[in-house]
Amino acid sequence: MSWERTIICIVAVAGAATGTALLYRYATRGLGGESSERSRELPTGSRAANAVSETTMTDDVDEAVALMSDDELANDVQFNHLVVQEGSMLLSLFGVAFMVIVAVVAFLIAMTSQTATSVLQIEMFAPLMFIGMGIVAASMTHTAQYRPVPESVVPPLLAEKSVYPDNETSYTPQPPTPVAASAPVVPAVAPATRSVNAHAASAPVEKPSLEEILAHADELYDQVRFRDLHVYLAENIKHYPTDVELLWRCARSCQDVMPDAPNADAQKNLAFDGLRYAEEAYAANPNHAMSNKWMGIMTSTCGNYLGTSKKIEGAYKIKEFIARAIELNPTDATSHNILGQWCLAFANLSWIEKKAAAAIFGTPPTATYEDAVRHFHDAENISPGFWKKNAYLLGETYYKMSNPVEAKLWLEKARNVPVKTTEDKEVHVEIEKLLKKL
């Protein structure tokens, strides 16, 4: 072999390795690696902020999370294997097809050429075959060194709630243990629960009216005092444990204090506390817009602590709850945004991931970027600029639709929305990153 051919072979091997790595990375994107944490904070209306809270739950919460059957765990493993196997299979088929095409073309050249009597005498035959073999080898290596698929394969707005509401056997959630508030909350009607003398202690406690509790709760929410609101609701839920208006506010309070909880266990406890309050609200009135809305939100939040199969099964339920909430109250901008995020999550799924999900669960939920854009626009039309993230998601979705003009327009609008919360700060960073790509 001449030195020219040796150099060509060396370059071919290097090119094959590089090309294989790039092709492998593209074909198996989303099947492994790091996954970014997505915020679970969902504001109601135009108000949002963060608060810190620690809470306790009954032992039933841990049991609800732990009681996943062997079949469900097997479904998770099977789903993960299918995703990886389908990606590897497609990569292998591509490599084999590539080698077949190279062999056929080389054979035809050898048949018609007067200088080359064999395919081995064609200079590019060996390098191209190297590339094909490299692709097949990469797919086989990926199968052999398989890692489980991370939870990020499933969109964040997929979940399964722990317990379905049962109107016949209504369960009243235990109120979370009040956290220490920086400023004590004074109820609208302060019950005389503490006294320095026995006579006052034995005196009957005046029960505050529901209207007074709700009015003071909304006042605390308007003042973005989520920590104090959480304590206040926990102290007053005992007076009206089955009222839908009070219950959905309790669910919202748990969601609001989650982002800055001290650790993952505290966040999980808050999530399942919120879900149980939402279930009670839904049981009290299944035709209430806010009970449906918070069933959808808390079902999604609790899904982060459940397995892949439960998330996909719960995806339909989330959409049903939010769609029903919009039907009952079409002017709630946040509900439209949540449905837009649901559509965006499924539109982001790759073809391989959809096929793998279909193999396990039949027909998985589907959506398009156009669906997501429509719902995000509905939210903006109802309440322009109500949430920095909504405008950002519009820009991000247009960017994925290869529409840089609209993407830049909405990213600029998102950048101009004032930063009010920790999440807003994080979104602002993502806005600047995406703008640099346009």
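Biologist: Which residues touch the most other members of the largest nonpolar core?

Modeller: Keep in mind that this is a predicted model. The largest nonpolar core has 65 residues, and a handful of them touch the most other members. Those hubs are Leu246, Tyr277, Trp294, Met298, Trp342, Tyr392 and Ile431.

Biologist: And which helix gives the most to this core?

Modeller: The core takes at least three residues from domain 2 (209-328) and at least three from domain 3 (330-437). As for helices, the top contributor gives 8 residues and spans 264-284. That's helix H9.

Biologist: Take Leu246, then: which residues is it in contact with, leaving aside neighbours within four places in sequence?

Modeller: Leu246 is one of the hubs of the big core. Skip the neighbours within four places in sequence, and what remains in contact with Leu246 is Ile213, Leu214, Leu233, Asn236, Ile237 and Tyr240.

Biologist: How many residues are in the other core, the one lying apart?

Modeller: Among its members are Val102, Ile122, Met129 and Val136. UniProt, in an unreviewed entry, lists 89-110 and 122-140 among its "transmembrane region" spans. In the model, 89-110 is 100% helix, while 122-140 is 84% helix. The count for that other core is 8 residues.

Biologist: Phe94 and Phe98: are their rings stacked or edge-to-face?

Modeller: They sit 4 residues apart in helix H3 (residues 70-112), so about one helical turn separates them. Their ring centres are 6.5 Å apart and the planes meet at 25 degrees. Planes under 30 degrees apart count as stacked, so this pair is stacked.

Biologist: What about Trp342 and Phe346, what kind of pair do they make?

Modeller: Both lie in helix H12 (residues 333-347), again about one turn apart. Their centres are 4.6 Å apart, with the planes at 50 degrees. That angle falls between the stacked limit of 30 and the edge-to-face limit of 60, so the pair is tilted.

Biologist: Is Phe346 buried or exposed?

Modeller: Buried means under 20% relative accessible area. Its partner Trp342 comes in at 2%. Phe346 is at 2% too, so Phe346 counts as buried.

Biologist: Which ring does the charged end of Arg252 sit over?

Modeller: A charge over a ring turns up at Lys413, which lies over the face of Trp410 at 4.1 Å from the ring centre. For Arg252, the distance to the ring centre is 3.7 Å. The ring underneath belongs to Tyr221.

Note on methods. Residues numbered from 1 in each chain as written. Predicted model: local features only at pLDDT ≥ 70, side-chain atom pairs only at ≥ 80, totals over all residues. Heavy atoms only, no water. UniProt positions renumbered as here; feature names shortened; annotations may be inferred. Helix = DSSP H or I, 4+ residues; strand = E, 2+ residues; numbered from the N terminus. Core = buried A, V, L, I, M, F, W, Y, C linked by side-chain atoms within 4.5 Å. Buried < 20%, exposed > 50% of the residue type's maximum accessible area, 1.4 Å probe, protein only. Domains from an automatic or database assignment. Contact = heavy atoms within 4.5 Å. Phe/Tyr/Trp six-rings, centres within 6.5 Å; stacked < 30°, edge-to-face > 60°. Lys NZ or Arg CZ within 6 Å of the ring centre and 35° of its normal.
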